[in-house]
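Hi,

Here is the structure I promised to pass on to you. Please open it alongside this note, and you can follow along as you read.

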2 protein chains.
Amino acid sequence: MGVNVAVVGVTGAVGIEILRVLEKRDFPVDELRPLASSRSAGKEVVFRGKEIRIRELTQDSFEGMNIAFFSAGGDISREFVPYAIEKNCVVVDNTSAFRMDDDVPLVVPEVNANKIAGHNGVIANPNCSTIQLVLVLKPIHDAAKIKRVVVSTYQAVSGAGLKAMDELKKETEYVLSNEDEYDRSIFPHQIAFNVLPQIPQDDAFLQNGYTSEEMKMINETKKIMDDDSLRITTTTVRVPVFRGHSESVNIETKEKISADETRDLLSKAEGIVVLDDTSRQLYPLATEAAGKDETFVGRIREDDSVENGLNLWIVSDNLLKGAALNAVQIAEKLL
Amino acid sequence: MGVNVAVVGVTGAVGIEILRVLEKRDFPVDELRPLASSRSAGKEVVFRGKEIRIRELTQDSFEGMNIAFFSAGGDISREFVPYAIEKNCVVVDNTSAFRMDDDVPLVVPEVNANKIAGHNGVIANPNCSTIQLVLVLKPIHDAAKIKRVVVSTYQAVSGAGLKAMDELKKETEYVLSNEDEYDRSIFPHQIAFNVLPQIPQDDAFLQNGYTSEEMKMINETKKIMDDDSLRITTTTVRVPVFRGHSESVNIETKEKISADETRDLLSKAEGIVVLDDTSRQLYPLATEAAGKDETFVGRIREDDSVENGLNLWIVSDNLLKGAALNAVQIAEKLL
């Protein structure tokens, strides 16, 4: 027996990947209901070789549906998730709308799948840059108790959607051909051959000087790790990469853990691949992680600037483990 | 009365900038002697509107010269600097050959110009990523005593020379046109639309898992700041940017210093421009710093994950303050 699945925001970068992941993992879909704004309604998506017409998202979209994936922005989630819940359709929400709500589990299945059972109709999928981080932090935390984490990110433009990917491509072409400045619509500054210490594009900065992305990483990590004593600071940066977030992560643990022990520990952890052989210039790369399910870790080395310090380099596909894959994994646990 | 100036490696990315900086700052050059390998000998450079023939670097190149700038790699410096010294020609060396030698001053003029007088024929110019870092650390160290620094870099390809810039351009064109993989000669992996946690390209990794670039930043910072108790760890990363190194810097100080006090302090410091107005999405950017003399700082904010914490974003032109400009400033102090 299968389930009926609605996908809200099916034409977006994450929505497209959700369909692919459902297919690839043989998720037991009876009826697939692709939903989008009126602009996309009437177009078709292909799922398991069949063309299915996209419907406009309305209050009535969730009739008969069992699970809905939402990836159409926080405002859409805030408006339409209640209608799904009303129809007993469980929501896996990829936006930040409900992530920090006390009664909403925020889940990375390898880390805290046990939280799923307590849901009240919505399970939140964490921020892309948070997922790959906690996946790696958890085994280290369990083994050596993490005291403090300092993260700097190198985030791909696909985190800002398909239009952002197009903007990077077009702006790069403009710069290479020395044409007039490209007329940007997504990024606040040139992203081609540049790095921007600002994510997201709009309403980014909070009173404390941090961006909302930076605070998401801090707050979501504490919630998923279920440890408010964890100290963490982040600087989130957009880089001219299409797909795959990289993170430079400095960790201070309570107990001593060596680089070798960390490598060994992470090699055995679910969802993680250690790529760490400097003699062969082997370490995780965004271009290699793109399209892959795993989270890759390398450049694992001890940091002697603090008592029990480690440095790591973590890379994962922000649209897969960072979004669509994690969401479908949550749904699999739900079944 | 002027001086006679030799420039070794005059056709390289840094050599070209040294000529421009000497011109722009009206450095009192009587005779300019451009030196390079036999491949470039016979070609011409333009200096103050005059074409000057490039000579091949030999043991006799420094006869009659007062100052020599070396930027042709560590091996060339190790081989030819002694011949310059023999002729009483003072060397400003841009390579890593002598930087950590006890009797060689390692100088960023705004930070430790006082060390220049003690030279024995060679003054070393620090690594590009080190210069912009110490320039900003120094005023903070003086005001609040820095205990620990965690740095992640976003370094431009021009740090690897003109051929690396060409490789980024060509590989980007290949990727955009979906052609076969570009036949790389500089970088170990695709640099177009990617980030590489490895600098430099060759002989990068040391026994402790760090790259030589990372250890340069650590060791040179301690030497320039003249403080071995300073704790510092770094992750150095190449990004697809032509010019301008960015750095995400986390600082822990002994004394409390607020973000506002830091902003105020740095605004008054020589060579630094604070660009930090999040309400206008204003922060330092590589594309804006390229071609400029100053080092730019922004995203200044307190980090509450540690007792007295700060986060900063530091950007500077790696070929100017990171190399040619700093070298010429050292020479100016010499005169």
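**What I found**

Let's start at a small spot: Asp26(B), just after helix 1 of chain B, takes a positive phi of about 50°. Please keep in mind throughout that this is a predicted model.

Helix 1 of chain B itself covers residues 13-24. Its 12 residues should span 16 Å at 1.5 Å a residue, counting one less than the number of residues. The end C-alpha atoms are 17 Å apart, which agrees. Which residues of this helix are buried? They are Ala13(B), Val14(B), Gly15(B), Glu17(B), Ile18(B), Leu19(B), Val21(B) and Leu22(B). These buried residues pack against several elements of chain B, including strand 1 (3-8), strand 2 (29-36), helix 5 (162-176) and helix 9 (320-334).

Now to chain A. Its domain assignment gives domain 1 (3-125 + 323-334) and domain 2 (130-318), and the C-alpha centres of the two lie 25 Å apart. Where they meet, 13 residues of domain 1 are in contact with 17 residues of domain 2. Helix 3 (109-112) and helix 9 (320-334) of chain A each supply at least two residues of the domain 1 side. That side divides into 7 nonpolar, 4 polar and 2 charged residues.

Finally, the two chains: 48 residues of chain A are in contact with 48 residues of chain B. Among the elements of chain A that each supply at least two residues there are strand 9 (146-154), helix 5 (162-176) and strand 14 (309-316). By class, the chain A side has 22 nonpolar, 19 polar and 7 charged residues.

Best wishes

Definitions and conventions:
Residues are numbered from 1 along each chain as its sequence is written. Chains are lettered from A and ligands numbered from 1 in the order in which they are written. This is a predicted model: local features need pLDDT of at least 70, side-chain atom pairs count only at pLDDT 80 or more; totals for chains, interfaces and linings use all residues. Domain bounds come from an automatic or database domain assignment. Two residues are in contact if their C-beta atoms, placed from the backbone, lie within 7 Å. Helices (H or I, at least four residues) and strands (E, at least two) are DSSP runs, numbered from the N terminus. Ala, Val, Leu, Ile, Met, Phe, Trp, Tyr, Cys and Pro count as nonpolar, Asp, Glu, Lys and Arg as charged, and the others, Gly among them, as polar. A residue is buried if 20 or more other C-beta atoms lie within 10 Å of its own, exposed if 12 or fewer, and partly exposed in between; C-beta atoms are placed from the backbone.
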